[in-house]
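This report describes a pocket, a domain interface and some backbone features. Please look at the sequence and the structure below before reading on.

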Amino acid sequence: MSTQTSQIVYHYLDIGRLGRGEVVRLFLKDAGIEFTEVRYPYDDTWPQASKKLQEQGISRSGLVPALEYKGKILTQHIPILRYLSRDLGRYDGETNWEKYIVDVVADIYIDWRSEWVSNFMQASEKYKNETTAKYYDLVGKYYAETEGPYLLGDKVTYADFAVYQSMDNDRRTGTIVADLPESLVRLRDAFEKRENIAAYIEETK
């Protein structure tokens, strides 16, 4: 699928492949959606840029990511993924139960993300030794319920993008657990082999 670049604008901080916005970027890449990218330095200019985003109506909270998509402005990274999944008719469960499982894992990820953000500049011992261990153990159990490699088996969903990004972010900040559950290793390996994702990873190592 290819969508007109002029219709879609992705706003996020210029912090490489870290953070909430990268989940959205991975999704757009995988779906083959073309977009224009606007990055904001995360320095002393950010407060003014954030205020401008509010004034322009791009972000009510002044936070990013924000996505201008087909005449709509989408914010909050997991709701953005849910919206895009519905719009594309892909990347979600088919039955009510499958949708529930995807939502549950996405919500567990949201709890982890809040902790990761709080520990971004300097991770606490609790985060490194307790928070991450509990998170990956819990999420790994959901992934172990199927043969994988994705949460719903061989069908990728928006939750897979979030969970993959959590592993990648913890790896980049040196806070990944020593022994990931095998179910999450399968996810990571399969995800990085997806055609558009593999090309993107190669470009942004």
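## The largest pocket and its surroundings

The lining of the largest pocket consists of 12 nonpolar residues, six polar ones and one charged one. Here Ala, Val, Leu, Ile, Met, Phe, Trp, Tyr, Cys and Pro count as nonpolar, Asp, Glu, Lys and Arg as charged, and the others, Gly among them, as polar. The model is predicted: local features need pLDDT of at least 70 and side-chain atom pairs count only at pLDDT 80 or more, while totals for chains, interfaces and linings use all residues. Residues are numbered from 1 along each chain as its sequence is written, and side-chain values use heavy atoms, with hydrogens and water left out.

In total, 19 residues line the largest pocket, and Y12, L13, R20, V64 and V117 lie nearest its centre. Two or more lining residues come from each of β1 (8-13) and α4 (96-118). The volume of this pocket is about 420 Å³. A pocket is an open set of points on a 1 Å grid over the protein atoms alone where a 1.4 Å probe fits, with protein on both sides within 12 Å along at least five of seven lines; lining residues have an atom within 4 Å of a point. Grid points are joined across faces, edges and corners, and a volume is the space filled by probe spheres set on the points. Helices (H or I, at least four residues) and strands (E, at least two) are DSSP runs, numbered from the N terminus.

Where does the pocket lie with respect to the two domains? Domain 1 (9-88) and domain 2 (96-195) both contribute to the lining, so the pocket lies between them. These bounds come from an automatic or database domain assignment.

The C-alpha centres of the two domains are 21 Å apart. Their contact (heavy atoms within 4.5 Å) takes 14 residues from domain 1 and 20 from domain 2. About 1500 Å² is buried between the domains, with 64% of this area given by carbon and sulfur atoms. Buried area is the accessible area (1.4 Å probe) that two parts lose on being put together, summed over both. On the side of domain 1, R17, L18 and R82 lose the most area to domain 2, together 34% of what that side buries.

Four salt bridges cross this interface, a salt bridge being a side-chain nitrogen of Lys or Arg within 4 Å of a carboxyl oxygen of Asp or Glu. R17 forms a salt bridge with D168, with 3.7 Å between the closest N and O atoms. D168 belongs to helix α6 (residues 158-172) and R17 to the loop between β1 and α1 (20-31), 151 residues apart.

Two cis peptide bonds are listed here.

| Cis peptide bond | Omega |
|---|---|
| V64 to P65 | near 20° |
| G148 to P149 | about 10° |

P65 is in the loop between α2 (46-55) and β3 (66-69), and P149 is in the loop between α5 (125-143) and α6. K70, in the loop between β3 and β4 (72-75), has a positive phi, near 50°.
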